[in-house]
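Colleague: Hello! I'm new to this model and would enjoy a close look at one part of it.

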Amino acid sequence: MTRTPLLTFTPNGIYCPSGDFYIDPWRPVRRALITHGHADHARAGHEHYLCTDLAAPVMRHRLGPIDVETVAYGQVLTIGDAQVSFHPAGHVPGSAQIRVQVGGEIWVASGDYKIENDGLSTPFEPVECHHFITESTFGLPMFHWQPQSVIAAQINAWWASCAANDQTAFLGAYALGKAQRLLSMLNPDIGPILTHTAIENTNVILRGQGTTLPDTILADGSIDHKVYKGALVLAPPSALGSAWARKFGAQQTAFASGWMQMRGVRRRRAGDRGFVISDHADWNGLLSAIKDTGAENIYVTHGYTDIFARHLNDIGLNAQVVPTQFEGETLDTSEDA
Amino acid sequence: MKQFATLFAQLDQSTKTNTKVAALADYFSTAAQEDRLWTVALFSGRRPKRSITTTKLSKWAAELAEIPDWLFDECYPIVGDLAETISLILPPPRRLSDHSLSFWIKYLKSLADVEETDCKTAILNAWGQLDTAQRFLFNKLITGGFRVGISQKLITRALAKSTGQSEAELAHRLMGKWDPTTTTWHDLIEAEDASADASRPYPFCLAHGLDGDAADLGPPADWQAEWKWDGIRGQLILRDGQYFVWSRGEELMTDRFPELSRAIDYLPSGTVLDGELLVWRDGHPQSFNALQKRVGRKTVPKKLLNDAPVILYAYDLLEWGGVDLRAHPLQYRRALLERACADLSDDAPVRLSPIIPFKSWKDLAEIRSDARNHQAEGLMLKRGDSPYRVGRKKGDWWKWKLDPLSIDAVMIYAQSGHGRRANLFTDYTFAVWNGNDLVPFTKAYSGLSDEEFRKITAWVKKNTQQRFGPVRQVTPHHVFEIAFEGIQASSRHKSGVALRFPRMARWRQDKSVQDANTLDDLNEMLAIYG
Ligand SMILES: [Zn+2]
Ligand SMILES: [Zn+2]
């Protein structure tokens, strides 16, 4: 006897026949459940959106007027024959793992997640299930993150040394999530913190939701660059080295990303520094998260899927690779998404 | 090791030469002498003798990290460096120590004759007290290859800054056969008599490629023109009744060219010549293809010595009667060189590379176009009143090469690069048409910008037809202009030809696969230039 699995992997994305909804679909659908607001998860064009109340404001900002219903972490909704709830994924503020239950069978689509409490996102909570869909962006044993406090000390020391040399410290980070996390790690005593418009827009939204972030100054055309020698400027990576950035004069640039773990990438990005920090789980984080679900069936997406799935099978789990729309191995697409 | 790791991070992270020089100079002023000596040694390609195989090292690391060997093998190509892969997968250190760089070098040396189990214990013990950055360097001490973009020139600049000695003097001191296990910082850098070692070569004077108009160089009378030979640049040293041959890459090649030993019979001790090592037959220099057989041969069988006899085609005289002539103008050195070579018999393994007389730049351009018929790659232009400089200084020496040969080819396989480009597909295999088939004929991995490599990488990922380990077969679609310096017949290649210095001259996005060249075109080039 065969029956359709609770969640299926279709060309549109992850689909639940019992509830007739998709999770993070790639193409326009009628009903989309969204794990978080990053561009590769929350796409435009769906008829109805469902996400956490914390994720909605950013999604509205990014996607414009959308029909979005929100739900609190842990609140159970019934959609068709399925019971659906959202649980903290710890990836960025408002990010969720989506739990789907029909009868006694439980699936969890975890979206993107990290284990460490970053102080801004609701911390990751393991959710028991039978079937677990996991990302594997950093699913290789050379990825090990150090505690956030250690990286914070490195970044602040670098900033302080730039300031001492009258250089502006440019720190490249994705506008949603990573930028605010870095912001919360900075020591405002070192100097003023400036932000690029793309980042400041997200700051405004998060502050509006009650998140406490250090004070920032919008680095638009009106500021006097000379006043801000020794400042730290948070900017999307694409803005580093641009005409806008060059106006600040003497400067150093740094990138903050999990990929900075690899020397080849550090050197290729050609910044002055690379800080190893990610909003995705590292190798041990992925393995412990998977173990904590108690799931026997693991579906691997995003990243080093083949290798990671093979390893999961080696350690006695029933793992398979499921398609991602983008080929996951690329280091050039932003890891933060 | 912490101090060395800090230095390494500074060098590795900076793209600015001044920052690198400052970091090195600071290190040379503050680090222990033994560590300085080793740092110079490591950055100039000298490394401790390998006491442990990389296979064992990988195995122990995987064991300690509790990952299976296959998983380690998957990680290695992604990281692109074995020492780094190991440093990243190991569990965090138990306790940190701070022993010096030389301590760890001696530590490794002491493992040379130790039982495998003890050796393993010692390595695990070391890993257990080093952080990731230090472990990487520790592993590099074993595997070799400190590639941080630190040129010899940068080292000498930093040393000059730190010691107050001149760069030229320091460059000379760093040349030659010195060994960090037998010399000291004082003997190498500070001692009065730095030329005690008879084999010590002079740093080579290098030329820049001429991209502008030769006429901009000024009056032709100020310049000396020579053929740019297609051989191996070499320095022949005759001192104390011995001979030494150095390559431009600072490799001692004496044993590879035993025929040059007879130079001792023709020229006096205290002579140092700069020239081109070439195969000489029937009164003419032969193409690089003839020399190819001798390259990479550590010992030379008699037959090969007869078939491909090598001479030094001399074009500069750096030392005469034991006196360093480098500060004298080229005309002076040339006059002495011509006198020294005047009476050489035809058996001598040294010959005088001729000067090409010319009246105008236009004449010279015409002469240059005939270079391939002289087995030359083009011309060398040297300012008559110039001293023999250290390294590549702009202005006095120019190479005016012929345009390279080129062919349009189709990319059919792609493979990721190493190090800085480990995450890009940069190594491609190219094919030309043979009827309706595409026949692979060369690989190339340089010549494109990072931006272009990124574009092609994205394309390769979407257009992979098949994978063979790290190699991807891609849809034949993109055409590249492959430039190269020479072509020869090769039975090892399916196409029957092998190219010299192939690289991608241009990505021909304007051309379709059908526009690529054919095997017949290659064979025609082989007939003309092979
Ligand atoms: Zn994602
Ligand atoms: Zn994300």
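What pLDDT does chain B average, and what share of its residues score at least 70? After that, please show me the zinc ion (ligand 2): which residues coordinate it?

Modeller: Happy to! This is a predicted model, in which local features need pLDDT of at least 70, side-chain atom pairs count only at pLDDT 80 or more, and totals for chains, interfaces and linings use all residues. Residues are numbered from 1 along each chain as written, chains are lettered from A and ligands numbered from 1 in written order, and side-chain values use heavy atoms, without hydrogens or water.

Chain B has an average pLDDT of 89, with 98% of the residues at 70 or above; pLDDT is the predictor's confidence in each residue, from 0 to 100. For the complex, the predictor gives an ipTM of 0.91 and a pTM of 0.72.

Now to the metal. A:H36 (NE2), A:H38 (ND1), A:H91 (NE2) and A:D112 (OD) hold the zinc ion (ligand 2) at 2.1 to 2.3 Å. Donors here are N, O and S atoms within 2.8 Å of the metal (3.2 Å for Na, K and Ca), and sites may look incomplete because water is not among the atoms. Along the sequence, the spacing of these residues reads H-x1-H-x52-H-x20-D. The arrangement is irregular because the 4 donor atoms subtend angles of 91 to 166°; four donors would be tetrahedral with all angles between 85 and 135 degrees, or square planar with opposite donors over 155 degrees apart and all others between 65 and 115.

Two of the histidines are buried (under 20% relative accessible area, 1.4 Å probe, protein chains only): A:H36 has a relative accessible area of 1%, and A:H38 is also at 1%. A:D112 has a double role, coordinating both the zinc ion (ligand 2) and the zinc ion (ligand 1), which lie 3.7 Å apart.

Conventions
Tetrahedral: all angles 85-135°; square planar, octahedral: opposite > 155°, others 65-115°. Buried < 20%, exposed > 50% of the residue type's maximum accessible area, 1.4 Å probe, protein only.
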